[in-house]
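User: Please take a close look at one strand in this model, with its partners and its cover. Then set it against the rest of the chain.

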Amino acid sequence: MMRPGAQQYVVARPLYSEESFAEEHEKVYRQRKSMLDHVKQYFTCDAKRAKNAALSLLPVIGWIRIYRIKEWLFSDIVSGVSTGLVAVLQGLAYCLLASLPPWYGLFSAFFPVVIYFFLGTSRHISVGPFPVLCLMIGSVVTRLVPDDGPAANITGFEGLTRDEQRVLVASSVTFLAGIMQLAMGVLQVGFVVMYLSDTLVSGFTTAAAVHILVSQLKFVLGLVVPGISGPLALIYTLEIIFNKITSSNVCDIVISLVIMVVVFIVKELNDRFKSKLPVPIPIEVIMTVIACGVSYAFDFRTRFGIDVVGHIPKGYEPPVAPNLQIFQETAVEAFPMAIVGFAVAFSVAKVYSVKHDYTIDGNQELIAFGVSNIFGASFKSFAASTALSRSAVQESTGGKTQVAGLLSAIMVMIVTLAIGFLLDPLPKSVLGAVVIVNLKGMLMQFREIPYLWKKDKPDCVVWFTTCTASILLGLDLGLAVGLGVELISVVLRAQFPRCSVLANIKGTEIYKDRKDYMDIYEPEGVKIFRIPSPIFFANIEFFRSKLVEAVGFNPLRVLRKRNKALRMIRKLLKKGDLQWTSKGFLNTSFQPIKELEDESNMEELDQPTDFKDLPVRIDWNGELPANIVVPRVDLHSLVLDFAAVSFLDISALKGLKMALRELIRVEVEVYIVACDPYILEKLHDCCFFDDEVQPSMFFLTLHDAMLHILEKHPESTEKKFDNGKIMTTVTVHHPGGNLRSRDRNKIK
């Protein structure tokens with residue numbers, strides 16, 4: 001019954017198969033380009049293309065031309081100064097994660113930013129140190145140059161101090177990661193980041209936050225803990241910390257607790273009152289300045305033995321060439337660094353580009369970060385990406401373009417060249433506390449587990465596996481494990497889709513899963529089978545097994561039984577034990593007829609049933625002579641709904657054709673509906689059709705096929721006499737127009 005006020009649509013049109021529709025409606029011919037045409041077009045150059053290439057490689061040209069000095073400059077200056085103060089502090093703090101002297105973090109907050117200003121497509125992200133990348137670099141640094149014991153046997157280490165060796169390792173692995181990013185950008189493979197789902201990135205960054213938290217405990221507690229890398233490094237580090245915890249420095253603990261409590265409270269107030277505050281309170285910077293002054297006034301280093309930042313050299317160091325031997329030692333770790341650094345930066349950039357309505361280019365972002373890391377590594381900085389908190393500061397303080405980023409780099413440069421000495425007495429425990437407080441966002445991602453478990457269990461498994469593997473095995477191996485589990489989950493979802501049998505919703509042309517609705521109509525002898533995924537080599541057997549389950553019999557087994565029965569009937573007729581009369585077959589033998597044991601040629605049993613040399617065509621659903629038993633097949637029509645099938649590969653084509661042949665040979669008419677035109681074209685190109693499997697089985701819609709079946713088999717609708725109806729025409733009503741209903745219904 002129709003709900004009151006509901007709109008109707010009424011359309012009267014012919015019943016269409018794919019062939020009849022193609023005959024009646026002419027398609028537009030589109031000439032497809034050959035591979036040679038694409039190559040020629042790629043290497044063709046004209047003035048317009050050269051201009052577009054220049055704008056693409058130097059996006060700064062595009063937005064600097066429309067820069068609104070009066071409207072944007074002041075906002076960019078405020079944002080640049082605010083972001084620069086945070087960048088100085090985070091550069092020093094995150095450098096501890098990389099197991100390097102703190103001032104090298106200032107290099108990473110300067111050189112990559114300058115390059116990104118010219119090459120980047122995002123106007124709002126703040127380029128520089130990212131804690132996860134710093135931790136990944138730290139694991140490589142401590143592996144090649146451990147705290148205890150000799151460094152790795154690398155040629156370029158001779159005559160260098162331990163810190164210089166570590167800087168060389170960090171800059172070399174950064175250089176290599178930059179080369180990988182640049183190569184991916186040039187080869188236009190920025191899409192690789194799409195394989196890192198939000199779930200995987202969330203699990204990975206949560207595990208990284210746990211690693212960062214543990215790595216900062218030694219600074220917060222004032223302990224000397226050697227850097228450990230490799231699987232279970234976090235467990236071994238915690239074991240050492242717990243064994244030494246009685247030796248903790250009370251002054252470091254107190255400083256850290258005060259910093260963490262104050263910073264946490266003020267950051268919460270910033271979030272709560274962000275609409276009322278013109279600029280977020282830079283509490284990390286304020287507390288750092290206070291802690292630095294108190295430490296200098298009371299001489300914490302001498303009186304309490306706390307570890308401080310120490311002397312920060314003025315100026316920049318001369319460029320150095322990367323070490324090729326380190327390339328060989330760190331190639332495996334450099335690739336996940338390149339991917340993670342780009343993935344995080346691109347994700348943040350995408351959020352801000354949507355918010356502020358401009359576009360970003362993934363491939364150009366790869367080029368920008370690749371060149372930034374290569375250039376920065378030459379001046380002894382380490383891998384750069386973007387820190388979420390720093391980017392939030394740059395955007396929330398009114399930053400409009402990367403001019404704010406350039407000004408933040410100038411702020412870092414001022415500290416490096418002029419006032420860095422003021423940070424000498426800064427306790428490292430302050431930096432550790434600042435890092436830990438900024439982990440809140442990443443650690444709170446644990447709350448996603450219950451949600452994912454309720455909404456999408458495979459995604460929850462990906463999250464949990466990635467997080468656990470990254471915690472126990474290390475970030476590089478953990479990312480590989482997570483990516484593997486994610487790809488397996490995708491393959492399993494495609495390999496084992498939820499197939500269903502559809503039925504008609506009474507009185508409509510709508511077809512739904514028959515398990516989900518009460519008021520449905522299923523004509524006798526008709527099955528509608530739907531597979532909601534591509535069909536390819538990995539799931540073709542699953543498709544065939546589900547198809548057999550849906551129709552209720554194995555067509556190949558039925559075919560073999562029928563052909564075996566025909567063999568037996570022919571032999572009995574030849575021997576005279578069976579005769580044909582006007583009343584049917586007559587058994588003339590007085591002895592019981594035994595079933596034939598001859599299975600010499602199984603291939604013949606798979607061929608279509610051949611009734612030649614027989615006086616009549618056998619009715620397989622009727623009574624058979626000589627007590628022959630063949631499985632009954634009540635199905636006369638099968639409809640395959642291909643609406644959700646996006647592609648077929650060669651293996652699937654072969655398997656599908658075999659399945660269709662088996663069904664056709666047991667006298668089941670097969671129809672395929674809603675097939676994608678490109679799949680249909682591929683079937684023609686691959687010689688899919690023959691005398692048995694014909695193009696006439698393809699219909700435009702599911703309802704077209706059903707109407708065709710009901711017209712061909714009217715008995716299907718006469719075996720039931722309830723009030724079910726199936727619409728034989730569909731009608732469209734436009735609001736405000738006259739409704740003309742020409743519905744004709746078939747009664748079941």
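Analyst: **Strand 9 and its partners**

Leu 638 stands opposite Val 670, a residue of strand 10. Strands here are DSSP E runs of at least two residues, helices are H or I runs of at least four, and both are numbered from the N terminus. The model is predicted, so local features need pLDDT of at least 70 and side-chain atom pairs need 80 or more, while totals for chains, interfaces and linings use all residues. Numbering starts from 1 along each chain as its sequence is written, and side-chain values use heavy atoms, without hydrogens or water.

Now the pairing. Strand 9 covers residues 637–641 and runs parallel to strand 10, with five bridges between them. Pairing requires at least two DSSP bridges between two strands. Another facing pair on this side is Asp 641 and Val 673 of strand 10.

Strand 9 has another parallel partner. Strand 6, residues 526–530, is joined to strand 9 by five bridges. Here Phe 529 stands opposite Leu 640 of strand 9.

How buried is strand 9? Five of its five residues are buried, so strand 9 is largely enclosed by the rest of the structure. Buried means under 20% relative accessible area, exposed means over 50%, and partly exposed lies in between (1.4 Å probe, protein chains only). Both faces of strand 9 are covered. One side carries Ser 637, Val 639 and Asp 641; the other carries Leu 638 and Leu 640. Strand 10, residues 669–673, is mostly covered, with four of its five residues buried.

**The wider chain**

The protein has 29 helices and 13 strands. Of its 748 residues, 48% are buried. Contacts (heavy atoms within 4.5 Å) are often long in range: of those with a separation of 6 or more, 79% join residues 24 or more positions apart.

The radius of gyration is 36 Å, against near 27 Å for a compact globule of 748 residues. That value is taken over C-alpha atoms, and the globule rule is 2.2 Å times the number of residues to the power 0.38. Along the principal axes, the C-alpha atoms fill a box of roughly 120 × 70 × 55 Å.

**Three loop residues**

Leu 196 sits in the loop between helix 9 (162–186) and helix 10 (198–221). Its relative accessibility is 11%, so Leu 196 counts as buried. Beyond neighbours within four places in sequence, Leu 196 contacts Val 201, Ile 339, Ala 343, Leu 479, Leu 483 and Glu 486. From Leu 196 to Met 411 the C-alpha distance is 34 Å, across 215 residues of sequence.

The other two concern the backbone. Most residues other than glycine have a negative phi. Asp 299 is not a glycine, yet its phi is positive, near 50 degrees. Asp 299 lies in the loop between helix 13 (283–298) and helix 14 (300–304). With 34% relative accessibility, Asp 299 is partly exposed.

Lys 380 also has a positive phi, of about 70 degrees, and is not a glycine. Its loop runs between helix 16 (362–378) and strand 2 (385–386). At 19% relative accessibility, Lys 380 counts as buried.
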